[in-house]
Structure formats: structure tokens, C-alpha cells
Amino acid sequence: MTRKKITLLGATGSIGASALDVIARHPERYEVFALTAHRQNDALFDLCHRYRPAYAVTATAEAAMALRAKLMEAAVATEVLHGSEGLTAVAQAPEVDSVLAAIVGAAGLVPTLAAVKAGKQLLLANKEALVMAGQLFMTEVARSGTVLLPIDSEHNAIYQSITRYISNNLSACGVRKIILTASGGPFRTASRKSLESVTPEQACAHPNWSMGRKISVDSATLMNKGLEVIEAHWLFDMPPERIDVVVHPQSVIHSLVEYVDGSTLAQLGNPDMRTPIAYALAYPGRIDAGVKPLDLFEVAQLTFERPDRQRFPCLDLAYQALRAGAAAPAVLNAANEIAVEAFLDRRLPFMRIAAVISSTLDQAAAHEALGIEQVLEVDRQARQIATGMVRRYGA
């Protein structure tokens, strides 16, 4: 069996760790070609020492120089690149079969799009690529013939529930609605008053999933679910009024698809990202992911609630941006990244995250962004506006 060569964009995050765990379980099937990291140079060195990739990519030339010296001393023959050019190079290298895009935020857009343009099989965990440039991204997917497999547990669940019927028109295949499940985050039952004094540590303490700090905060505000609504719109060509969100605290049902005949199909499993990663790596087959099988007797009960849109207004802001179209989702994403960073730095109260995003959406020019340069310019302008809003609303 010829081993598939994998480039992992964002190797030191939680998705990267889960992916490498699955890959390590199947050394006869997969080979790590390239690993990338933004800041965690020591962690990247450890991964290079273990997996011996052909390439590693760091954020800066200085970090690359330091990593190169450590690898040379350890007799690890991994070539080190840096910056956006390095990320693009390992995303579109001729040797690569699959690219797992797990860089958090807007920084993942350019290399992920490069993988699509090169026709690589794309395992997509970077939802911001679709939020920022959905039309551009999906046009390139169609042009290049890229096999796009979503890694977010919700979209992966939807994909598993409709995969026999994939077409350009899900409505013609009997799909009435897509239902995304949300855990509700750490503040699902918290009072509005208590949310005014939330700390970063509390916001990052997710009850079910092990995630990075930024996505943990997004989960706490429900913005993560809002971004997933936008992602689902582009992945499955569904209008916003046919994408629903339901709070499901157990995180056992990962999402559902409702059909016109009254059937609702769901994908269930323990909350472990190795399951959707393994599904995408082995598609259309299945492989062991190292995940404990779901014990229905242990779960015992599944409950569902409507999202509280008053306490968590970020969800409606995402729907608002999706309905506005043009570059509004890119503005939403940029403002959210700035606001979350400020919250994590204790410069912005938790309950002001939505205010920063809303004000930025009101002020930014959300014109049509037809190319990658225009998308990046919208992102830059929105970040500038959002930074000013942080100063206005900050602690």
C-alpha cells in the first residue's frame, strides 16, 4: 500500500494533536510530509523529532533559524521554511496527497486556498476560510476538482448524513433543513449578570471539548456556532433560513439533516475530534480512531434547548452577516478575532465582545470581495475599525 503524504497546517493545536494521534495509529497508510506552527517552536521541534517530516514551517525567519539549528543538532533532516510563502509551498507541494487545514483564524486562508488551487484533497478545519471568502473558495473547489472533507464535528456529521446524496442541489435530493448542534458552552445556564464578570479562564473551560483558547471563547459566546452556520451555507449550498441551531449539552449528536419525508438523520459519537479526522483521512473507508465507542446506557439521556439569543447575541450577528452577503462575513470574522484577543488579554469584558462586532459591522464597508487581495483588504480594514471599538468598549 502506498502511503498518503499529509501536510498538517497548524500541527501544534488541538486539531493537530488529534490528527497526529490518528496518523500514528496507521503508519502503513499515512506519512507526515510537512508540519507547521505559528508560535510554539519547541512543540514543533518535538513533533519533527518524532515524525521526521520533509518540511517544517514557522512564522518568522528568526524562528526558522532557531528551529533549523535544533534539528541539525538532533540529526533530524527536516527542511525549515517560514512565513506565508512557506505555508503555501507545503500546501501545494507536488508530493502531497492531502492537506489538513487547522490553522486558527484568518491566517489559514491563503495556504488553504493554495491547497485547493493545487487540487489537493482538503481536510478542512479552518472554518474562517469559508467565512471570509466562501464564494471564492467554493468556486476554486469546483474548478480544481478538490475533494473537500469538513473536519468540524458538526459539518462532518452533516456530510456523513448526506454523503450518498451529494449534488449541487440538496433540495432536489429531499433535504429540507440542516440542524447544527451546540453544546451551549461553559455559560449555558449562567445569568446575564454573572456574564458581566466572566474571566478568560472561565470562558476557556469548555465542559465537553478540548479546544484552543480562541475557539473556546467562540464557543462560550456562541459565535463559533454562528461561524459554522456560515460555513454550512457554503459547504452545502443551504440558505440561512434552512440552517437551524439547537443546544444539545451532551455533545453526543453532532448534527442532523432533516428530509422532506419526515426523516431526520443524525451522526452520534463521543465528543472526540479524532472521529471526524479519521473519517476524512480514510474517506470513503473507515479506520480506527482510538475513540471509545458510544455507550448509550452510559449517556442515558439526550436533551435539547433553543439557543438564548438575548444572552448570546453573537449567533444572530453571524446570521445577520450571512444574510447581508458580500464581504460582511469577512468583517464579522475580523471583528470577532480582534474582540476575542482583547478579551483574552483582559482589555475587553466578555459581554462587550458582541458590541465590538456589531459596531464594526455597522461601520465597515462590506462591498463585494471578488479576489483574495480584496478579501484581505476587507479583513485589514475591519480589524482597524474593531481595534478602535475595543478602545471604546474596553475595560
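In this predicted model, helices H15 and H16 cross in the right-handed sense. H15 covers residues 328-344 and H16 covers residues 353-363; their axes come within 9 Å and cross at roughly 145°. On the H15 side, the contact is built from Ala-328, Val-331, Leu-332, Ala-335, Asn-336, Ala-339 and Phe-343. H16 brings in Ile-353, Val-356, Ile-357, Thr-360 and Leu-361. Sorted by character, that comes to 10 nonpolar residues and two polar ones, with no charged residue in the contact.

Turning to the sheets, one of them is open and has seven strands, in the order E4-E3-E2-E1-E5-E6-E7, with parallel pairing. Its edges are taken by E4 (79-82) and E7 (148-150), each of which pairs on one side only. From one strand to its neighbour, the average turn in this sheet is 25°, direction ignored. Towards the E4 edge, strand E3 (residues 55-58) pairs with E4 in the parallel sense over four bridges. One bridge here links Ala-56 to Val-80 in E4.

Another open sheet has four strands, ordered E9-E8-E10-E11, and here the pairing is mixed. Strands E9 (243-247) and E11 (264-268) stand at its edges with a single partner strand each, so one side of each has no neighbour in the sheet. Neighbouring strands of this sheet are turned by 20° on average, again with direction ignored. At the E11 edge, strand E10 (residues 253-259) and E11 pair in the antiparallel sense, with five bridges between them. Within this part of the sheet, Glu-258 sits opposite Thr-264 of E11.

Two helices lie across strands of the four-stranded sheet. Helix H7 (residues 153-162) lies across E8 (175-182), E10 and E11, and runs at about 40° to E10. Helix H11 (residues 223-236) lies across E8 and E9 instead, at about 150° to E8. Strand E8 is thus crossed by H7 and by H11 as well.

A closer look at H7 picks out Ser-153, which belongs to this helix. Ser-153 counts as buried because its relative accessibility is 7%, against a cut-off of under 20%. The Ser-153 side chain also makes a polar contact with the side chain of Glu-154, at 3.3 Å.

Methods:
Residues are numbered from 1 along each chain as its sequence is written. This is a predicted model: local features need pLDDT of at least 70, side-chain atom pairs count only at pLDDT 80 or more; totals for chains, interfaces and linings use all residues. Side-chain values use heavy atoms; hydrogens and water are left out. Two strands pair if DSSP finds at least two bridges between them. Axes are lines fitted to C-alpha atoms, for helices over the stretch in contact, and angles run from 0 to 180 degrees between N-to-C directions. Contact means heavy atoms within 4.5 Å. A crossing is left-handed if the near helix is turned anticlockwise from the far one by less than a right angle, and right-handed if clockwise. Ala, Val, Leu, Ile, Met, Phe, Trp, Tyr, Cys and Pro count as nonpolar, Asp, Glu, Lys and Arg as charged, and the others, Gly among them, as polar. Buried means under 20% relative accessible area, exposed over 50%, partly exposed in between (1.4 Å probe, protein chains only). A polar contact is a pair of N or O atoms within 3.5 Å; within protein, one must be able to donate a hydrogen and the other to accept it, and residues adjacent in sequence count only if both atoms are side-chain atoms.
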